[in-house]
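Subject: Handing over the structure

Dear colleague,

Here is the structure I promised to pass on to you, and I would be glad if you looked at it before reading the notes below.

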Amino acid sequence: MSCARAEVIILVDDYAGYNIRGLLGQHGLAVLIKVLEKSGRTYKVLFDVGQDGSVLVHNSKLLGIDLHDVDVIALSHRHYDHTGGIVDMLKNIGRRVPVVAHPDVLKPGIVITESRVDFSAGIPCSEGELRGLSNLVLARTPIQLAPSVWWLGEVPRKTSYEREPDWSYTVSEGKLVRDPLKDDTGVVISIEGYGAAVVVGCSHSGIVNIVEHASEVIGEVPKAVIGGLHLISASEDVIKKTISDLRRLGVEEVHVGHCTGLKAEAMMASEFGDGFAKIYSGYKVVIGTE
Ligand SMILES: [Fe+2]
Ligand SMILES: [Fe+2]
């Protein structure tokens, strides 16, 4: 059954916005995807849970959104700012909902740069804890989450300029090793007659790679990109190549924030014009009939 309409609602973003008084910003991302079938049935997909369940619950209440009837939770990748609220959220829901993620989401997440060492950048709970509270589904290939909504699984990395993160490490067989964050992925929503949108967490796999992969999964190019692009430390040259390839593929709208970075946002605002928007807690994109 195809869906008539989808709403993508940013529940938590770094920026609190200005439309609704009292909404909180927090470094991280949580997105509710609501799809409405032509029969009238609604499905709720929660994509990422922010770094703290209390902000997610607070913002959802202010927005009048009930998360108790969420059908499925999908995770973009292991980082704490996307997974930190998972235990609080599952306890709050009080049911064993499916949690869909890549197996590497459970690997330790370690960030090492010249100025920072963080051993707690990954998901802040154990596999046992997750399995105790949810129906954990670990997969590398795409999974349909609801009518018109697919989680994309492992993203093939093809572009030359979207380089694997050189600051990401994990521990494997007792050794500290570089980790390319193969768990990083997105969700695609396709509404017949209106087109598709891809929703991303941090885009560590590269947003162009993710859009290309989403196009292969659903057989059409997403017109819109929504979420974080992790271009915060990218060079102007990489940002230019990213914009040009998104355009070449057919992306018309970018609704971005979180780790996208001010320089990339400014360059995208200039290139995409009315097709650019900065997301914030409470921001909403509608695909389909209003
Ligand atoms: Fe992030
Ligand atoms: Fe991340």
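What follows is a description of the metal sites, the cysteines, the nonpolar cores and two single residues. Please bear in mind throughout that this is a predicted model.

I begin with the metal sites. The iron ion (ligand 1) is coordinated by Asp81 through OD, by His82 and His258 through NE2, and by Cys202 through SG, at 2.1 to 2.3 Å. Along the chain these donors follow the spacing D-H-x119-C-x55-H, and His82 and His258 bring together distant parts of the chain, being 176 residues apart, with His82 in helix α2 (residues 80-83) and His258 in the loop between β16 (253-257) and α7 (262-272). His82 is buried, with a relative accessible area of 0%, and His258 also counts as buried, at 7% relative accessibility.

The iron ion (ligand 2) has as its protein donors His77 (NE2), His79 (ND1), Cys202 (SG) and His204 (NE2), which lie 2.2 to 2.6 Å from it, and the spacing of these donors along the chain is H-x1-H-x122-C-x1-H. Cys202 coordinates both the iron ion (ligand 2) and the iron ion (ligand 1), which are 3.5 Å apart. Of the residues at this site, Cys202 counts as buried at 3% relative accessibility, and His204 is buried with a relative accessible area of 7%.

As to geometry, the site of the iron ion (ligand 1) is irregular, with angles of 89 to 157° among its 4 donor atoms, and the site of the iron ion (ligand 2) is irregular as well, with angles of 86 to 175° among its 4 donor atoms.

The cysteines raise a further question: how many disulfides are there? The count comes to 0 disulfides. For Cys259 the closest cysteine sulfur is that of Cys202, at 3.7 Å, which is too far for a bond, because a disulfide calls for sulfur atoms within 2.5 Å. For Cys125 the closest cysteine sulfur is again in Cys202, 17 Å away and likewise too far for a bond. Cys259 counts as buried at 5% relative accessibility, and Cys125 counts as buried at 12%.

Turning to the nonpolar cores, the largest has 32 residues, and those with the most contacts inside it are Ile33, Val35, Leu145, Val149 and Ile189; strand β1 gives the most to this core, with 4 residues. Apart from it lies another core, of 29 residues, among them Val155, Val200, Val208 and Ile210. If you would like one residue to start from, Ile33 is in contact with residues beyond its neighbours within four places in sequence, including Glu7, Tyr43, Phe47, Val149, Val187 and Ile189.

Two single residues complete these notes. Arg5 is found in strand β1 (residues 3-12), where Arg5 counts as buried at 15% relative accessibility, and a polar contact of 2.5 Å joins the side chains of Arg5 and Glu7. Pro165 has its place in the loop between β10 (149-151) and β11 (168-172) and counts as buried at 8% relative accessibility. Not counting residues up to four places away in sequence, Pro165 touches Arg157, Arg178, Asp179, Pro180, Leu181 and His204, the last of these being one of the donors of the iron ion (ligand 2). Pro165 and Leu181 are 16 residues apart in sequence, and their C-alpha atoms are 7.8 Å apart in space.

With kind regards

Technical notes
Residues are numbered from 1 along each chain as its sequence is written. Chains are lettered from A and ligands numbered from 1 in the order in which they are written. This is a predicted model: local features need pLDDT of at least 70, side-chain atom pairs count only at pLDDT 80 or more; totals for chains, interfaces and linings use all residues. Side-chain values use heavy atoms; hydrogens and water are left out. Helices (H or I, at least four residues) and strands (E, at least two) are DSSP runs, numbered from the N terminus. Buried means under 20% relative accessible area, exposed over 50%, partly exposed in between (1.4 Å probe, protein chains only). A polar contact is a pair of N or O atoms within 3.5 Å; within protein, one must be able to donate a hydrogen and the other to accept it, and residues adjacent in sequence count only if both atoms are side-chain atoms. A nonpolar core is a set of buried Ala, Val, Leu, Ile, Met, Phe, Trp, Tyr and Cys residues joined through side-chain atoms within 4.5 Å. Contact means heavy atoms within 4.5 Å. Donors are N, O and S atoms within 2.8 Å of the metal (3.2 Å for Na, K and Ca); water is not among the atoms, so sites may look incomplete. Four donors count as tetrahedral if all angles lie between 85 and 135 degrees; four count as square planar and six as octahedral if opposite donors are over 155 degrees apart and all others between 65 and 115; anything else is irregular.
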